[in-house]
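Colleague: I am new to reading protein models. Could you walk me through one, feature by feature?

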Amino acid sequence: MAATSTSPLFSLSSLSASLPCPTRLPTTLSLRALSPRARLSVSLPFASPHGVYGAWAATSTSSAGRLGRRGLEVVCEATTGRRPDSVAKRERQNEKHRIRNHARKAEMRTRMKKVFRALEKLRKKADAQPEEIIEIEKMISEAYKAIDKTVQVGALHRNTGNHRKSRLARRKKAIEILRGWYVPNAEPVAAT
């Protein structure tokens, strides 16, 4: 069609000359190279007088067995600039989910920061009492709840959620050990 028997490759000018008028918008156009090793990669943008934008895109449709006997078969398709309604709906959903996930993550981070600030304040306090840790434990419980909700909706991986909860617990235990309110067992007690 656009290639001669002496040249196995298509040229861009011969391909564009062989294409019908873009205003007719054909669905497919088959081209065939004469050599099995010929390669073709083409994309021609076009604009019709009706305001429809699109591109001619070339893709290979032959299997390896047919390449050896018949040569390279290429199909060119014309696409319009309009996307399907499902794509627009998916974009709307993605935006809604992105905003919701961001809010969940922000709440989780805020609750974690509050716990870390309270623990740091308790660590620096000279006359801290063991009863003060009860308020922090309530804050930790709220942070756990926020982390679990974030994991549940899929905005955070469950391993990351577990890691963050572990960070909170370790920080609290470090303060308790520092203050002497918690003494870890140095030797395990043997059952007799």
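Modeller: We will take confidence, layout, helix packing, the core and a few residues in turn.

Modeller: This is a predicted model, in which local features need pLDDT of at least 70, side-chain atom pairs count only at pLDDT 80 or more, and totals for chains, interfaces and linings use all residues. Residues are numbered from 1 along each chain as its sequence is written, and side-chain values use heavy atoms, with hydrogens and water left out.

Colleague: What is the average pLDDT of the protein chain?

Modeller: First the term: pLDDT is the predictor's confidence in each residue, from 0 to 100. Here the protein chain averages 75, and 55% of the residues score at least 70. Residues 22–31 have a pLDDT below 50. That stretch has 30 contacts in the model beyond near neighbours in sequence, a contact being heavy atoms within 4.5 Å. Residues 58–66 are also below 50, with 17 such contacts. Where pLDDT is low, the predicted coordinates should not be read in detail.

Colleague: How many helices and strands does the protein chain have?

Modeller: Helices (H or I, at least four residues) and strands (E, at least two) are DSSP runs, numbered from the N terminus. This protein chain has five helices and four strands. From the N terminus, their order is α-β-β-β-α-β-α-α-α. Take the contacts with a separation of 6 or more: 61% of them join residues 24 or more positions apart.

Colleague: How do helix 4 and helix 5 cross?

Modeller: Start with the method. Axes are lines fitted to C-alpha atoms, for helices over the stretch in contact, and angles run from 0 to 180 degrees between N-to-C directions. The axes of helix 4 and helix 5 come within 9 Å and cross at roughly 170°. Helix 4 is therefore roughly antiparallel to helix 5. The cut-offs are these: under 35 degrees is roughly parallel, over 145 roughly antiparallel, 65 to 115 roughly perpendicular, and the rest oblique. Residues of helix 4 that meet helix 5 include Ile-140, Tyr-144 and Ile-147. On the helix 5 side, Gly-161, Leu-168 and Ala-169 are among them.

Colleague: At what angle do helix 3 and helix 5 pack?

Modeller: The angle is about 10°, with the axes 10 Å apart. So helix 3 and helix 5 are roughly parallel to each other. Among the residues that meet are Met-112, Phe-116 and Leu-119 in helix 3, and Leu-168, Ile-175 and Leu-178 in helix 5.

Colleague: Which helix gives the most to the largest nonpolar core?

Modeller: In soluble globular proteins, nonpolar side chains tend to be buried together. A nonpolar core is a set of buried Ala, Val, Leu, Ile, Met, Phe, Trp, Tyr and Cys residues joined through side-chain atoms within 4.5 Å. Buried means under 20% relative accessible area, exposed over 50%, and partly exposed in between (1.4 Å probe, protein chains only). The largest core here has 17 residues. Met-108, Val-115, Leu-122 and Ile-136 are among those touching the most other members. Helix 3 (85–124), helix 4 and helix 5 (158–179) each supply at least two residues. Helix 3 gives the most, with seven. Leaving aside neighbours within four places in sequence, Leu-122 has contacts that include Ala-128, Ile-136, Ile-175 and Trp-181. Across the protein chain, buried residues make up 25% of the 192 residues.

Colleague: Is Thr-150 buried or exposed?

Modeller: Thr-150 is buried, because its relative accessibility is 0%. Thr-150 sits in helix 4 (residues 132–152). A polar atom of its side chain lies 2.7 Å from the backbone oxygen of Ala-146. Beyond four places in sequence, Thr-150 contacts Arg-104, Lys-105, Met-108, Ala-155 and Leu-156.

Colleague: Is Glu-176 buried or exposed?

Modeller: Glu-176 lies in helix 5. At 12% relative accessibility, Glu-176 is buried. Beyond four places in sequence, Glu-176 contacts Ile-133, Glu-137, Trp-181 and Tyr-182. Ile-177, also in helix 5, is partly exposed at 40%. With the same four-place limit, Ile-177 contacts Tyr-182 and Pro-184.

Colleague: Where is Gln-129 found?

Modeller: Gln-129 is in the loop between helix 3 and helix 4. Gln-129 is partly exposed, with a relative accessible area of 41%. Gln-129 and Arg-179 are 50 residues apart in sequence, yet 9.0 Å apart in space, C-alpha to C-alpha.

How values were computed: A polar contact is a pair of N or O atoms within 3.5 Å; within protein, one must be able to donate a hydrogen and the other to accept it, and residues adjacent in sequence count only if both atoms are side-chain atoms.
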